[in-house]
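Trainee: Could you walk me through reading charged side chains in a model like this one?
Mentor: Sure, let's look at it together.

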Amino acid sequence: MSASGVATSSGIAVWWGAIRRDRKALAGSVILAIFLVIAIAGPWFVGDPTAPVGIPLQPPSADHWLGTTGQGQDVLAQLVVGTRVSLAIGFAVGFAVVLIGALVGVTAGYFGGRIDGFLSLLFNVFLVLPGLPLAIVIAAYLPSGPLTLGLVLTVTGWAWNARVLRSQTLSQRRRDFVAAAIVSGESSPRIIVREILPTMTSLMVAQMIGSTVYAIGAQVGLEFLGLGDVSGVTWGTNLYWAQNDSALLTGAWWTFAPTGLCVALVGFGLTMLNSGFDEITNPRLVLERAWRAHLIRRGRGATRSTPVVMDRG
Amino acid sequence: MTYILRRLGFYLLSAWVALTINFLLPRLMPGDPATALFARFRGQLAPEAMQALRETFGLTQAPLLTQYLTSLRHVLTGDLGISVAYFPSPVSTVIGTGLVWTVLLAGSAVAISFTIGTLLGLVAAWWRRGWVDTWLPSALVFLGSFPYFWLAMVALFVFGFTLGWFPLGHAYADDVVPAFSTAFVTDVVRHAALPVATMVLATLGGWLLSMRNTTIAVLGSDYVNLARAKGLSPARVALRYAARNALLPSVTGLGMALGFVLGGSLLTEIVFSYPGQGYLLVQAVRNQDYPLMQGIFLVITLAVLAANFLVDLAYLWLDPRIRESAT
């Protein structure tokens, strides 16, 4: 195994150790793990989600745990099968968006000058254009389906990450280790990939989690509008059909409530994981916790003071 | 002054990008769907509408550059083409009917959410580890992870359908005459209450957290300590010293949030059958009314750009550093 391989595996061990110690991060990962299991294995345990199996709009019963839809389909089956596509799009977009953001942001921050000027202008324009209307206009012209949704959400979602990573790169660029790498004759791509990017790993992980939350929410919204593949089964199309069949005005809460809860739970789990990461990696928060623990050990009440970040080197 | 001009230039550039995207999209679209669309509409649409569609898709004999300049001229003169779904109304007229409602909904939601959220954030930071700080952020973040329109569905179901406290949709009741009267205004407020409340609930957490975190950082700074040491009243320290500076990142976020809230507003309108841009947009998507869809995109984009410019002006007023460097 190469040296970098060892570094990665011990990196994962460090992350996992930190997650286990933090209550928020642990709760988030448990929620996420449950949904991942449902997404991967769930579809094998439920019937065909599109087949009519009973009388339309029946409330939850022993036969159909979450009732039936306006077309007499099983709500639970739709929910479980929908999890797979919805999460897949969410994670794929989360990954793509950070990848493009890193490519653009780091290039802009590293090279500076005209390249920076142009790229900064580009992502600032994309940031200020309203995302959902732009996504709708693009999606309407493409054949509907998961691929279109993924593409559209990537186009409208990458700019924020590029902006954050650019400013991070700018501050790294001025550090001594980059200067040392330049002096020792390393090529620019190598410096970017081997020297600068590794210092931003935790930031990029956080961005990926945040972008996934965005992607799942936006995707459900677009599908709710009818821009997804309305004959497919995803969380968004479930809500689309619930609205179309006027589920609300007939009191059929079970056709829309479970789906929204799942979207929220996944989003909440990811957000918890993210704020857990923040508390692990943010030196100010780490120090504050240590300080409070110290005060309590000395038998004094926790004060309101916030210690400044000290150099712990 | 240069600051204002620079920002203005940036927004003009963004508007131009939006216009160009609008022009290029139908032309980049693969050939077959366009033909299929025309086949679908043939015989159903009047020749004028077909001509308008053809111009949208660039199926004219004119060279691309001429088409581009023509389309820019049309937009600049307020001509957004003819709607397919609402034929023979021009797109600008159709959009005009819904614009007031969307601005009302999204505008009041942003204003209320920003004010309450920022104040709560200040409270949470000032009384660290009090109950506001402990419970509210988690609860609001949890609420914020629901899709806007799903919260709207639940609110409509519980407060509209089950309890009957609020009307089930539309901007005002059929039997009320639209006029500037007390009866009409109360009716509009009653109809807007639920949609606005759901949007406020969904966005409150973000404002609270952003204000809380920056206030905590500001409260640890020297100038706040000095203000405290001078013996100024806590209210003065909190509002005049800490809050004013802590507000800056939130104000920056305001511009970006506007676009986001407008998007959420579009979806919320659909749930409440509210006659704004969102409702029109769904009609446009269902009827493949491309001119209307693009018109809505343009109008919303221009509105967001204008709002962002106003935010920049507010920033100038709040942050003396920019004012100094700008003059």
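Trainee: In which helix of chain B is the place of B:Arg244?
Mentor: Keep in mind that this is a predicted model. B:Arg244 sits in helix H10 of chain B. With 36% relative accessibility, B:Arg244 counts as partly exposed, because that class runs between 20% and 50%.

Trainee: Which residues form the positive surface patch?
Mentor: B:Arg244 is one of them, together with B:Lys230, B:Arg236, B:Arg240 and B:Arg323. Helix H10, residues 234-271 of chain B, gives the largest share, three residues.

Trainee: And how many salt bridges does the structure hold over all chains?
Mentor: The general idea is that side chains of opposite charge can pair when their charged atoms come close. Here there are three over all chains. One joins A:Arg166 to A:Asp116, with the closest N and O atoms 2.6 Å apart. That pair links distant parts of the chain, 50 residues apart: A:Arg166 is in helix H7 and A:Asp116 in helix H4 of chain A.

Trainee: Is A:Asp116 buried or partly exposed?
Mentor: Buried, since its relative accessibility is 11%.

Trainee: Which side chain does B:Asp312 meet in a salt bridge?
Mentor: That of B:Arg7, at 2.8 Å from N to O. B:Asp312 belongs to helix H12 and B:Arg7 to helix H1 of chain B, so the pair ties together parts 305 residues apart in sequence. B:Asp312 is buried at 11% relative accessible area, while B:Arg7 is partly exposed at 25%.

Note on methods. Residues numbered from 1 in each chain as written. Chains lettered and ligands numbered in written order. Predicted model: local features only at pLDDT ≥ 70, side-chain atom pairs only at ≥ 80, totals over all residues. Heavy atoms only, no water. Patch = residues over 30% accessible without salt bridge, like charges linked within 9 Å, V, L, I, M, F, W, Y side chains within 5 Å. Areas by Shrake-Rupley, 256 points an atom, 1.4 Å probe, with all protein chains shown as cover. Salt bridge = Lys/Arg side-chain N within 4 Å of Asp/Glu carboxyl O. Lys, Arg positive; Asp, Glu negative; His and termini not counted. Charge placed at Lys NZ, Arg CZ, Asp CG, Glu CD. Helix = DSSP H or I, 4+ residues; strand = E, 2+ residues; numbered from the N terminus. Buried < 20%, exposed > 50% of the residue type's maximum accessible area, 1.4 Å probe, protein only.
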